[in-house]
Amino acid sequence: TSPCDRQAPATAGLSHDKWEIDPHELMLLEELGSGQFGVVRRGRWRGSIDVAVKMMKEGTMSEDDFIEEAKVMTKLQHTNLVQLYGVCSKNRPIFIVTEYMRHGSLLNYLRRHKQSLNSNQDLLLDMCIQVCKGMAYLERHNYIHRDLAARNCLVGSENTVKVADFGLARYVLDDQYTSSGGTKFPIKWAPPEVLNYTRFSSKSDVWAYGVLMWEVFTCGVLMWEVFTCGEMPYGRLKNSEVVEKVQKGIILEKPKGCDKEVYEIMKKCWHALPENRPSFRNFKEQLASVSQKLL
Ligand SMILES: CS(=O)(=O)c1ccc(C(=O)Nc2cccc(-c3cn4ccnc4c(Nc4ccc(C(=O)N5CCOCC5)cc4)n3)c2)cc1
């Protein structure tokens, strides 16, 4: 250990900001993609650790609040959560450094591999179970995601699926994204209490999880059907039409080729009242028992 550590107090975190990453220890590689928030690049940290580096375009997020929250987020550690390694906050744009997931977003993965996936119901169910495990961990830590969807999950080697960007939505400044009337608000993953009162909870994450399951199982169409995959929920409907349907309690229909029992479980996520939806904790058990039957 370096000399300064020896005098460091027991709680090393206080002696130097563990969540602060020295940009000189980062080597930036190819671009992975971009969005209204900035650019994401693959990178190497301390010469050997593969990372993803989100370079947050100025003005897209409330940076100081996020940097404060990063200390909490680095402590959330689970095999089905994309690990936040830290931030480079001493200069602009700030960098958010996470573990690297080599197959990109779950949504793009489903669309790229539809041929092999759609006849593989248990692989689809296994992906849903992995997301449920990550979400049950967040639920246990009273941590609300606020934007759970297949686009915000990532796929690593050996078909590992992990939840990404949990809680990040709170720091986005673009009110087209944050307000439920905005054009970028994820209406199709939002329950009635979020559409009406923006009341987020782990139970609103459960509603979004049901829509994520639907996104995954629209991959499961039978061979002779036109391939849909990672379909857009409610198809081409305008947001206002979706809000109307959701308020009336009209829910997503069973994806073709999706096992009836799996659809029965999916539907439990879409109870109009949050208290009638299962928690991720007991949902995990139900999915495990269905997967036993399916296997
Ligand atoms: C809701 S918000 O706050 O506005 C918000 C919006 C977006 C984001 C965000 O991170 N987006 C975003 C955009 C692009 C890449 C990422 C992104 C983030 N990551 C974190 C860990 N790993 C990744 C990763 N990995 C990828 C991505 C693409 C490929 C790729 O090129 N492939 C083609 C060949 O086959 C394999 C896959 C490979 C690995 N991509 C994240 C974050 C927050």
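A residue is taken to be near the ligand if one of its heavy atoms lies within 4 Å of it. In this predicted model, 21 residues surround the ligand, and the closest are Gln36, Phe37, Lys54, Glu99 and Met101. Sorted by class, this shell has ten nonpolar, five polar and six charged residues.

Three of the residues named above also take part in contacts between polar atoms of the protein and the ligand. A polar side-chain atom of glutamine 36 lies 3.1 Å from an oxygen atom of the ligand, and an N or O atom in the side chain of lysine 54 is 3.1 Å from an oxygen atom of the ligand. With methionine 101 the contact involves the backbone, a polar atom of which is 2.9 Å from a nitrogen atom of the ligand. On its own the ligand has 850 Å² of accessible area, and the protein covers 75% of that area. The elements that give two or more residues to the shell around the ligand are the strands β1 (26-35), β3 (49-56) and β5 (95-99).

Strand β5, which contributes to this shell, pairs with β3 and also with β4. Five bridges join β3 to β5, and these two strands run antiparallel; in this pairing, valine 53 has valine 97 of β5 as its bridge partner. Strand β4, formed by residues 84-88, pairs with β5 over four bridges, again in the antiparallel sense, and here leucine 84 is the bridge partner of threonine 98 in β5. The strands β4 and β5 form a hairpin, with six residues between them. In a regular strand the side chains alternate between the two faces of the sheet. As to burial, five of the five residues of β5 have a relative accessible area under 20%, so β5 is largely enclosed by the rest of the structure. In β4, four of the five residues are buried, and this strand is therefore also largely enclosed by the rest of the structure.

Charged side chains form a further set of contacts. Side chains of opposite charge can pair when their charged atoms come close. A search of the whole structure finds 18 salt bridges, among them one between the side chains of arginine 44 and aspartate 50, with an N to O distance of 2.9 Å. Both partners of this salt bridge are partly exposed, arginine 44 having a relative accessible area of 24% and aspartate 50 a relative accessibility of 34%.

Another salt bridge is formed by glutamate 69 and arginine 170, whose closest N and O atoms are 3.2 Å apart. This pair links distant parts of the chain, with glutamate 69 in helix α3 (residues 63-73) and arginine 170 in the loop between β7 (161-163) and α7 (175-178), 101 residues apart. The two partners fall on opposite sides of the 20% limit under which a residue counts as buried: glutamate 69, at 14% relative accessibility, is buried, whereas arginine 170, at 32%, is partly exposed.

A salt bridge also joins arginine 277 to glutamate 193, and the closest N and O atoms of this pair are 2.8 Å apart. Here too the pair links distant parts of the chain, arginine 277 being in the loop between α11 (260-268) and α12 (280-294) and glutamate 193 in helix α8 (residues 192-197), at a separation of 84 residues. Arginine 277 and glutamate 193 are both buried. Beyond these pairs, Glu30, Arg42, Arg44 and Asp50 are joined into one network by salt bridges that share partners.

Apart from the contacts described so far, the position of asparagine 142 may be noted. Asparagine 142 is placed in the loop between α6 (121-140) and β6 (153-155). With a relative accessibility of 69%, asparagine 142 counts as exposed, because the limit for this class is over 50%. Asparagine 142 and serine 201 are 59 residues apart along the chain, and their C-alpha atoms are separated by 8.9 Å.

Technical notes:
Residues numbered from 1 in each chain as written. Predicted model: local features only at pLDDT ≥ 70, side-chain atom pairs only at ≥ 80, totals over all residues. Heavy atoms only, no water. Polar contact = N/O pair within 3.5 Å; in protein donor to acceptor, adjacent residues only side chain to side chain. Areas by Shrake-Rupley, 256 points an atom, 1.4 Å probe, with all protein chains shown as cover. Nonpolar A, V, L, I, M, F, W, Y, C, P; charged D, E, K, R; others polar. Buried < 20%, exposed > 50% of the residue type's maximum accessible area, 1.4 Å probe, protein only. Pairing = 2+ DSSP bridges. Salt bridge = Lys/Arg side-chain N within 4 Å of Asp/Glu carboxyl O.
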